[in-house]
Amino acid sequence: MPRFLKNKQFIFVIVIAVALISAMAYTYGGGRNVTPIESAIGGILSPVEKVFYSVGNSISNFFASVKEIGTLRAKNAELEKEVIKLSKNDIMLQEYINENNRLRDMLNFKDNNTNITTKPANIISKNPGNWFNTFNIDVGSDNGIKPKMAVLDEKGNLVGIVTDVGKDWSKVLSIIDVDSSVSALDVRTRDNGIVRGDSNGNLNMIYIPIDSKIEKGDVITTSDMSMFPRGLIIGRVEKVEKDEGSLLKQAVIKPEADFERLEFVQVVTNMKTTGD
Amino acid sequence: MRSIYKYLLIVFAIVLQATLMKYIAILGVKPDALLILVIAFSLLNGSGEGITLSLFGGILVDVLFNNAIGFVTISLLIVAYLTGILSKNVFRESTFVAFIFVFLGTILYNLIMIFSMLLMKYDLNPSYLLNVVIVQSIYNSIITIFVYKYIVRLNSFVKSKKFFFKI
């Protein structure tokens, strides 16, 4: 028998390591209701985290608003201009909507624009490590949350997807995490692609056809081909790249949601398909 | 049961890490209070305590935040165990020794993390990897310089018999 096998501590460490690797393989991927023990651990710690998180946020908001005081007047004038422009657009859109409905009726098109219903939630904590972009929210299976529901920010931009659900808390995987992928669509050119996180806080859209006319500033939304409701805004194209020798294009996308300053989110509760 | 202070400290470090640490991030990289604590206690009291503390803290972090349970725990466990073994041959209370251990420990911790991410077929960005590993190891070891003497003091306080009451 080799000498190192007599070292009980070493064997213990090896056994634990093997157990952990199997646990990793078993739990990886999410989409499960967590066990009661995990749920209880989260239940005990989330109120504490909530307090710390909101204290931190209010302090940073205070400093942010102090910084903004100087630019408020200019910003206000700019916004007023924007409002005038948008209200003009709104009238035009109303016309389009009416026309669209009329044409739909003529063609007997089925209406597949179902409205989404959401449940508001507070963020209680963020992943403590540097590798993953996940956060926890304060609603869970008690509030009707299920794995694989979409999570939006206050303005309705896509933020992430619920992975694990506890009794009164759940884990959310942000779309900027390296492990996330979302089927996406360029609103202007109707090109389909997959949006993935690139671990730098930006997004990469891959699998864009080579003849696509996608360019900087295009709005990217969720497509109808994933489990997400369609038309949720993901972000704007910042840069289009073409791989030499590859038959596909790639685009760097700046997410529309501000992941640094997220505080409140909403969870979409009427998804097409949600876990089990 | 006196070591309950250490466990409470670790819970507190995790809560702080998850809520307020993002405000002191440098170049988008947060320091890791849990890792510093586990390495420090493992250095002071040997690998046995390193293993128990890393299991406690790691599983807590994994259950609370990570998708795959075991990700943080396995890296912490290996770092704590190695620190504990090597600590037999060094002067434990020295801040300089702790500085070196935390610096090397953070690099090893992140390398194990990257290795397990590669096994899970994550799409990794090499420049970001290097950034995190280097910045975090420097950041963690500089924090260690300032806090290590307090950890040593807490450790001797927990060990000493001068207790007003027993838990």
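Student: How are α1(A) and α4(B) packed, and at what angle?

Tutor: Start with the general idea. Two packed helices are described by the angle between their axes and the distance between the axes. Now the case here, keeping in mind that this is a predicted model. Helix α1 (residues 8–27) of chain A packs with α4(B) at an angle of about 165°, and their axes are 9 Å apart.

Student: Are α1(A) and α4(B) roughly parallel or roughly antiparallel?

Tutor: An angle over 145 degrees counts as roughly antiparallel, so α1(A) and α4(B) are roughly antiparallel to each other. Their crossing is left-handed.

Student: Which residues make the contact of α1(A) with α4(B)?

Tutor: On the α1(A) side, look for A:Q9, A:F10, A:V13, A:I16, A:A17, A:L20, A:I21 and A:M24. On the α4(B) side, find B:F71, B:T73, B:I74, B:L77 and B:Y81. Sorted by class, the residues of this contact are eleven nonpolar, two polar and no charged.

Student: Let's try another pair. At what angle do the axes of α3 and α4 of chain B cross?

Tutor: Same recipe: angle and distance between the axes. Helix α3 (residues 47–65) of chain B and helix α4 (residues 71–86) of chain B cross at roughly 165°, and their axes come within 8 Å. That makes α3(B) and α4(B) roughly antiparallel to each other.

Student: Is the crossing of α3(B) and α4(B) left-handed or right-handed?

Tutor: The crossing of α3(B) and α4(B) is right-handed. From α3(B), the contact takes in B:S47, B:G50, B:I51, B:S54, B:L55, B:G58, B:I59, B:V61 and B:D62. From α4(B), the residues are B:F71, B:V72, B:T73, B:L76, B:L77, B:A80, B:Y81, B:G84 and B:I85. By class, that contact has eleven nonpolar, six polar and one charged residues.

Student: On to rings. How many aromatic pairs are there over all chains?

Tutor: A pair of aromatic rings is described by the distance of the centres and the angle of the planes. Over all chains, the count comes to seven aromatic pairs. One of them is formed by A:F52 and B:F12: the centres are 6.3 Å apart, with 70° between the planes, and the pair is edge-to-face.

Student: Why does the pair of A:F52 and B:F12 join two chains?

Tutor: Because A:F52 lies in helix α2 (residues 36–68) of chain A, while B:F12 lies in helix α1 (residues 4–19) of chain B. As for accessibility, A:F52 counts as partly exposed at 22%. B:F12 also counts as partly exposed, at 44%.

Student: Now chain A as a whole. What does its secondary structure come to?

Tutor: Chain A has three helices and 13 strands. Along its principal axes, its C-alpha trace spans about 80 × 50 × 40 Å. Of its 276 residues, 38% count as buried. Take the contacts in chain A between residues at least 6 apart in sequence: 58% of these join residues at least 24 apart.

Student: Where is A:V162 found, and is A:V162 buried or exposed?

Tutor: You'll find A:V162 in strand β5 (residues 158–165) of chain A. Buried means under 20% relative accessible area, so A:V162, at 2%, counts as buried. Leaving out residues up to four places away in sequence, A:V162 touches several residues, among them A:I145, A:K148, A:V151, A:V172 and A:V267. You can also check a C-alpha distance: A:V162 and A:S174 are twelve residues apart along the chain, and their C-alpha atoms are separated by 8.8 Å.

Student: A:K148 is on that list. What is its phi near?

Tutor: Phi of A:K148 is near 75°, a positive value in a residue other than glycine. A:K148 sits in the loop between β3 (134–137) and β4 (150–153) of chain A, and at 35% relative accessibility A:K148 counts as partly exposed. A:Y207 is also a residue other than glycine with a positive phi, near 65°. A:Y207 lies in strand β9 (residues 203–209) of chain A, and at 51% relative accessibility A:Y207 counts as exposed.

Student: And A:P36: what is its place in chain A?

Tutor: A:P36 is in helix α2 of chain A, and at 67% relative accessibility A:P36 counts as exposed. A:P36 and A:K85 are 49 residues apart along the chain, with their C-alpha atoms separated by 53 Å.

Key. Residues are numbered from 1 along each chain as its sequence is written. Chains are lettered from A and ligands numbered from 1 in the order in which they are written. This is a predicted model: local features need pLDDT of at least 70, side-chain atom pairs count only at pLDDT 80 or more; totals for chains, interfaces and linings use all residues. Side-chain values use heavy atoms; hydrogens and water are left out. Axes are lines fitted to C-alpha atoms, for helices over the stretch in contact, and angles run from 0 to 180 degrees between N-to-C directions. Helices (H or I, at least four residues) and strands (E, at least two) are DSSP runs, numbered from the N terminus. Angles under 35 degrees count as roughly parallel, over 145 as roughly antiparallel, 65 to 115 as roughly perpendicular and the rest as oblique. A crossing is left-handed if the near helix is turned anticlockwise from the far one by less than a right angle, and right-handed if clockwise. Contact means heavy atoms within 4.5 Å. Ala, Val, Leu, Ile, Met, Phe, Trp, Tyr, Cys and Pro count as nonpolar, Asp, Glu, Lys and Arg as charged, and the others, Gly among them, as polar. Rings of Phe, Tyr and Trp (its six-membered ring) pair if their centres lie within 6.5 Å; planes under 30 degrees apart count as stacked, over 60 as edge-to-face and the rest as tilted. Buried means under 20% relative accessible area, exposed over 50%, partly exposed in between (1.4 Å probe, protein chains only).
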